[in-house]
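Visitor: Could you walk me through the middle of this protein, slowly, one piece at a time? I'd like to see what the strands and the core look like there.

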Amino acid sequence: MANVFLSHRMDDAPSTRKLADELTSAGHRVWFDEWEIQLGDSIVERINSGLEGTSYLVLCYSADGVTSPWISREWMSALHRQLEGHGVRILPVKFGGTAPAILADIKYADLAADWDLGVSQLLRAIR
């Protein structure tokens, strides 16, 4: 199964946690900060390690946006790797709000409108 990195804002943690559980139940290896970063860990090191081994970065965004320093670094790093020819895909997931302009042409899974349909679309995109 695929390695999936979940990028999200802390305000969106409850929805992201639910999504992480569903992706894990479908058999995927999910990198979710609450599961991967332990007390005493280097946050930067753990995030870098997760990003290096990922095939899919799921960018979870909401009305709170994607402009926090951490989430911005995560998805921009994945976008750079994608543009450099590394095998990572960015899969936007909408909890609300709008995607960054640079990702506006990428189809997203709209979990705000229909959670089950959005998760189903996401699972089909993850191979």
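Guide: Here is a stroll through the central strands, the core around them and one charged residue beside them. This is a predicted model, where local features need pLDDT of at least 70 and side-chain atom pairs count only at pLDDT 80 or more, while totals for chains, interfaces and linings use all residues. Residues are numbered from 1 along each chain as its sequence is written, and side-chain values use heavy atoms, with hydrogens and water left out.

Let's start with β3. Helices (H or I, at least four residues) and strands (E, at least two) are DSSP runs, numbered from the N terminus. Six of the six residues of β3 are buried, so this strand is largely enclosed by the rest of the structure. Buried means under 20% relative accessible area, exposed over 50%, and partly exposed in between, using a 1.4 Å probe and protein chains only. Both faces of β3 are covered, with Tyr56, Val58 and Cys60 on one side and Leu57, Leu59 and Tyr61 on the other.

Now for the neighbours. Two strands pair if DSSP finds at least two bridges between them. β3 runs parallel to β4, with six bridges, and Val58 sits opposite Leu91 there. β1 is joined to β3 by four bridges, also parallel, and Val4 faces Tyr56. β1 has three parallel bridges to β2 (residues 29-31) as well, where Val4 has Val30 as its bridge partner. Four of the five residues in β1 are buried, so β1 too is largely enclosed by the rest of the structure.

Next, the core. A nonpolar core is a set of buried Ala, Val, Leu, Ile, Met, Phe, Trp, Tyr and Cys residues joined through side-chain atoms within 4.5 Å. The largest one has 21 residues, and Leu6, Leu19 and Val58 touch the most other members. At least two residues each come from β1 (3-7), α1 (13-25), β3 (56-61), β4 (89-94) and α5 (115-125). The largest share, four residues, belongs to α5. Another core, of 13 residues, lies apart and includes Phe5 and Trp75.

Last stop: Asp12, in the loop between β1 and α1. Asp12 is buried yet has no salt bridge, and Arg9, the nearest side chain of opposite charge, is 5.3 Å away. A salt bridge needs a side-chain nitrogen of Lys or Arg within 4 Å of a carboxyl oxygen of Asp or Glu. Lys and Arg count as positive and Asp and Glu as negative, with His and the chain ends not counted.
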